[in-house]
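Biologist: Could you put this one up on the screen? I'd like to go through the labels you use and hear what stands behind each of them.

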Amino acid sequence: MADDVVLARLAQLETAVRKAGDALARLREENTRLGGEMKRLGDENAQLKREAAKADGERKQIVAQIDTLLKDIGKLDLE
């Protein structure tokens, strides 16, 4: 009787250990996948920041050109 209880508990423990091992394997795979996703998103973020900085520089150049044009127009004697 006691041996049956011990064997039953041992079987439960083996099942729990197997489930924990399976969960650990799944979590490691998920961690690897998420690590790759984080790298991809980090690269994408860096690219977007570069594009935003470039667009900001272009915007500043256009604003400076418009400013120059407006000053030149203001200097014209239109009367």
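Biologist: What share of the 79 residues of the protein counts as buried, and what makes a residue "buried"?

Modeller: Buried means under 20% relative accessible area, over 50% is exposed, and partly exposed lies in between, with a 1.4 Å probe and protein chains only. By that cut-off, 0% of the 79 residues count as buried. Bear in mind that this is a predicted model, where local features need pLDDT of at least 70, side-chain atom pairs count only at pLDDT 80 or more, and totals for chains, interfaces and linings use all residues. Residues are numbered from 1 along each chain as its sequence is written, and side-chain values use heavy atoms, with hydrogens and water left out.

Biologist: What does the protein have in the way of helices and strands?

Modeller: One helix and zero strands, where helices (H or I, at least four residues) and strands (E, at least two) are DSSP runs numbered from the N terminus.

Biologist: How do you know that the protein is more spread out than a compact globule?

Modeller: Its radius of gyration, taken over C-alpha atoms, is set against the globule rule, 2.2 Å times the number of residues to the power 0.38. For 79 residues the rule gives 12 Å, and the protein comes out at 34 Å, well over that, so it is more spread out than a compact globule. Along the principal axes, the C-alpha atoms fill a box of roughly 115 × 15 × 10 Å. Within helix 1, Leu-48 sits eleven residues from Glu-37 in sequence and 16 Å from it in space, C-alpha to C-alpha.

Biologist: Why is Leu-48 called partly exposed, and Leu-76 exposed?

Modeller: Leu-48 has a relative accessible area of 46%, so it is partly exposed. Leu-76, in the segment after helix 1 (2–75), reaches 51% and therefore counts as exposed.

Biologist: What makes the nonpolar surface patch that includes Leu-76?

Modeller: Ile-62, Ile-66, Leu-69, Leu-70, Ile-73, Leu-76 and Leu-78 make it, at about 720 Å². Patch members need over 30% relative accessible area and no salt bridge; nonpolar side chains (Val, Leu, Ile, Met, Phe, Trp, Tyr) are joined within 5 Å, like charges within 9 Å. The protein exposes about 7,400 Å², with carbon and sulfur atoms supplying 61% of it; such areas come from the Shrake-Rupley method, and for residues only the protein chains shown count as cover.

Biologist: Why is the contact between Glu-44 and Arg-40 called a salt bridge?

Modeller: Side chains of opposite charge can pair when their charged atoms come close. The rule asks for a side-chain nitrogen of Lys or Arg within 4 Å of a carboxyl oxygen of Asp or Glu. Glu-44 and Arg-40 meet at 2.9 Å, N to O, so the label fits. Being four residues apart in helix 1, they are separated by about one helical turn. Glu-44 is partly exposed at 38%, and so is Arg-40 at 40%.

Biologist: Which side chains does Asp-56 meet in salt bridges?

Modeller: Arg-59, at 2.9 Å, N to O, and Lys-60, at 3.4 Å. Asp-56 and Lys-60 both lie in helix 1, four residues apart, about one turn of the helix. Elsewhere, salt bridges that share partners join Glu-37, Arg-40 and Glu-44 into one network. By this rule the count comes to six salt bridges.

Terms used: Areas by Shrake-Rupley, 256 points an atom, 1.4 Å probe, with all protein chains shown as cover.
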